[in-house]
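These are my notebook entries on one structure. I set out to look up its sheet and its charged side-chain pairs.

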Amino acid sequence: MTEVSVRGLTKRFGAVTAVDDLSFDLGPGVTGFLGPNGAGKTTTLRMLLGLVRPTSGTATVDGRPYAELPRPRRVVGALLEASGFHPGRTARDHLLIQAQLAGLPAARTDAVLDEVGLSADAGRRVSGYSLGMRQRLGLASALLGDPDVLILDEPGNGLDPAGMAWLRTLLRQLAGQGRTVVVSSHILAEVAQTADRVLIVNGGVLRFAGPLAELSAGGDTLESAFLRLTAELEGSSR
């Protein structure tokens, strides 16, 4: 089992503390990573992926920082934003290049295109893709190494209702295979239907970490619990 572990993770940008002493562990299943705009979610995910250096603390996958994983794409797949695609390349060519750079078999390209529903459009240039199609291509890239851990930042962005239903099913299937899936999202209704557990942060501070069922035990919906937990910090003197 591949575990994600965060201990005392802190990031300061000058006088601004974006992430403040976060500690949590994640295992198989879907975890919703929630917080208002500017809560520190994306900074946390970027530190986990080695894209931002922590001021202090650690973020590890399978006991190692991401940069020290011998074949990281086989352990962690990430979708931070559906951009960075060469507009003149086809989806298949984009993934073939990604596979070659990561030392992955070319056969994975068609497998993930099928998994995200892009097989029929694999020969189209990305410049002709809608935002939802680009999002699916980003998911295909995250799945390319068949990783145990998936880090997904707003994966439903640009998807229509049918696409959201498809994404919900995909995430549950991946969790059912024993993978650790972390989904940062503002769409609380989707998280409520998909997640096993929830992390809620505000102002870089962890406000809740635990099973989704714990939030509803007192009659709260996810939305009401989220608003209560995030308002508590906003109303404090911190």
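**Entry 1: Arg7 and Asp25.** I began with the accessibility of Arg7, which is 39% in relative terms, so Arg7 counts as partly exposed. I note here that the model is predicted. For Asp25 I found a relative accessibility of 30%, and therefore Asp25 is likewise entered as partly exposed. The two residues form a salt bridge, and I read 2.7 Å between the closest N and O atoms. I then located the partners: Arg7 belongs to strand S1 (residues 4-13) and Asp25 to strand S2 (residues 16-26), so the pair ties together parts that are 18 residues apart in sequence.

**Entry 2: the count.** I asked how many salt bridges the structure holds. The total is seven. I examined two more of these pairs.

**Entry 3: Arg92 and Asp110.** I recorded a salt bridge between Arg92 and Asp110, with the closest N and O atoms 3.0 Å apart. Arg92 lies in helix H3 (residues 91-102) and Asp110 in helix H4 (residues 107-115), so this pair ties together parts that are 18 residues apart in sequence. I also checked exposure. Arg92 has 30% relative accessibility and counts as partly exposed; Asp110, at 43%, counts as partly exposed.

**Entry 4: Arg124 and Asp121.** I found the side chains of Arg124 and Asp121 meeting in a salt bridge, at 3.3 Å from N to O. Arg124 is partly exposed at 36% relative accessibility. For Asp121 I noted a relative accessible area of 23%. Buried would require a value under 20%, so Asp121 is entered as partly exposed.

**Entry 5: the sheet.** I turned to the strands and asked in which order they form the open sheet. Six strands make up this sheet, in the order S5-S6-S7-S3-S8-S9, and I recorded the pairing as mixed. I then asked why one side of S5 and one side of S9 are left without a neighbour in the sheet. Strand S5 (76-79) and strand S9 (205-211) stand at the edges and each has a single partner strand, so one side of each lacks a neighbour there. From one strand to the next, I noted an average twist of 15 degrees.

**Entry 6: the S5 edge.** I followed S5 to strand S6 (residues 149-153) and found the two paired in the parallel sense over four bridges. Within this part I noted that Leu79 stands opposite Leu152 in S6.

Methods
Residues numbered from 1 in each chain as written. Predicted model: local features only at pLDDT ≥ 70, side-chain atom pairs only at ≥ 80, totals over all residues. Heavy atoms only, no water. Pairing = 2+ DSSP bridges. Axes fitted to C-alpha atoms, helices over the stretch in contact; angles between N-to-C directions. Salt bridge = Lys/Arg side-chain N within 4 Å of Asp/Glu carboxyl O. Buried < 20%, exposed > 50% of the residue type's maximum accessible area, 1.4 Å probe, protein only.
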